[in-house]
Amino acid sequence: MVSDNSSRFDDRSHAGAALGMKLATTLPAGEYTVLGLLRGGVPIAYEVAQSLGARLGALAVRKLGVPSSPELAFGAIAQYASTSGRYLNPEVHRRALQYFGHDELASVENGTHADLLALAHAFKAYTPDLAGQSVVLCDDGIATGATMKASLELIAKLRPRSVTVASPVIAPESFAELAPLADGLVELLKPRQVGAVGAYYKDFSQVEQDNVLRLLGASS
């Protein structure tokens, strides 16, 4: 799954299969609901669900990017059926607010929210009830952790029995920040520094919506 000399995954499918094997040997026996963060987290979640014999669903989430540097997140928003979640990075949001002002950041959030709702609507058929469930929340990598924190904030409102965060690669800082927010945190790689998550994959192609729908449909 991961080559010894490069610590890189072939692709999301291979990373998900390796993560699923680890989860199957570490999680207590029981029934699980596995959610993938749309869209890159779904191929990971699909393999994990196969390993656990679990239900599969999808959670819509979008990063809130700083206007001059969209890849830098000042927060993230999430949507699952009719429930929403929101996370703001205190320091990045404070600096962005000082530089760009409230109106410009609000414009970013409003536009992102419209995109988020469209994404959530496209996958509304794959939002199983989470009340009382043991949930495994998957993404293809966790760098700053903004999208995962928004997702956890949302899922807490749905009263699951437990939530385990699982990802092939997690930055140490995010691991430390996420650990108190989840009942379990499982990773395959925890490099000292995580820049671009794609650097840990040989193939990190964009995940198309049709492929995500195919995976979700195959698991239903």
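A residue counts as exposed when its relative accessible area is over 50%, as buried when that area is under 20%, and as partly exposed in between. What follows applies those cut-offs to a predicted model. R159, with a relative accessible area of 67%, is therefore exposed. The residue sits in the loop between α5 (146–156) and β6, and its backbone is a bit out of the ordinary: phi is near 55°, a positive value in a residue other than glycine.

A81 has a similar story to tell. Its phi is also near 55°, again positive without the residue being a glycine. A81 belongs to the loop between β3 (69–80) and β4, and at 47% relative accessibility it counts as partly exposed. A third backbone oddity turns up at R39, in the loop between β1 (32–37) and α2: the peptide bond leading from L38 to R39 is cis, with omega near 0°. As background, most residues other than glycine have a negative phi, and most peptide bonds are trans.

Turning to the helices, α1 (residues 12–26) comes out at the expected length. Its 15 residues, at 1.5 Å a residue, should span 21 Å, and the C-alpha atoms at its ends are indeed 21 Å apart. At the N-terminal end, D11 acts as a cap, with a side-chain oxygen placed 3.2 Å from the backbone nitrogen of S13. Which residues of α1 are buried? They are R12, A15, G16, A17, A18, L19, G20 and L23. This buried set packs against α2 (41–52) and against three strands, β5 (134–138), β6 (162–169) and β7 (184–189).

One of those strands, β6, holds T164. With a relative accessible area of 8%, T164 is buried. Setting aside neighbours within four places in sequence, T164 is in contact with L23 and L27, with V135, V136 and L137, and with G184, L185 and V186. L23 is itself one of the buried residues of α1.

Another helix pairing involves α3 (residues 90–100) and α4 (residues 102–122). Their axes come within 7 Å and cross at roughly 120°, which makes α3 oblique to α4. On the α3 side the contact is made by H93, A96, L97 and F100, while α4 supplies H102, E104 and L105. Sorted by class, the contact has four nonpolar residues, two polar ones and one charged one.

Strand β4 (residues 83–88) opens with T83, and G85 is in β4 as well. Both are buried: T83 has a relative accessible area of 15%, and G85 is at 5% relative accessibility. Leaving out residues up to four places away in sequence, T83 touches A78, L154, K157 and L158. On the same basis, G85 touches A76, I77, A78, A150, E153, L154 and K157. A78, L154 and K157 thus appear among the contacts of both residues. In the other direction, G85 and Q133 are 48 residues apart in sequence, with their C-alpha atoms 19 Å apart in space.

Q133 comes up again as a partner of R55, a residue of strand β2 (residues 55–66). The side chains of R55 and Q133 make a polar contact at 3.4 Å. Is R55 buried, exposed or something in between? Its relative accessible area of 39% makes R55 partly exposed. Beyond residues up to four places away in sequence, R55 touches Y32, T33, V34, A49, P128, D129 and Q133. L178 is another matter: 123 residues from R55 along the chain, its C-alpha atom is separated from that of R55 by 24 Å.

P128, one of the residues touched by R55, lies in the loop between α4 and β5. At 16% relative accessibility, P128 counts as buried. Its contacts, apart from neighbours within four places in sequence, are T33, R55, L56, G57 and Y80. T33 is among the residues touched by R55, too. As for distance, P128 and A58 are 70 residues apart in sequence, yet their C-alpha atoms are 8.8 Å apart in space.

Definitions and conventions. Residues are numbered from 1 along each chain as its sequence is written. This is a predicted model: local features need pLDDT of at least 70, side-chain atom pairs count only at pLDDT 80 or more; totals for chains, interfaces and linings use all residues. Side-chain values use heavy atoms; hydrogens and water are left out. Helices (H or I, at least four residues) and strands (E, at least two) are DSSP runs, numbered from the N terminus. Buried means under 20% relative accessible area, exposed over 50%, partly exposed in between (1.4 Å probe, protein chains only). Contact means heavy atoms within 4.5 Å. Axes are lines fitted to C-alpha atoms, for helices over the stretch in contact, and angles run from 0 to 180 degrees between N-to-C directions. Angles under 35 degrees count as roughly parallel, over 145 as roughly antiparallel, 65 to 115 as roughly perpendicular and the rest as oblique. Ala, Val, Leu, Ile, Met, Phe, Trp, Tyr, Cys and Pro count as nonpolar, Asp, Glu, Lys and Arg as charged, and the others, Gly among them, as polar. A polar contact is a pair of N or O atoms within 3.5 Å; within protein, one must be able to donate a hydrogen and the other to accept it, and residues adjacent in sequence count only if both atoms are side-chain atoms. The expected span of a helix is 1.5 Å times one less than its number of residues.
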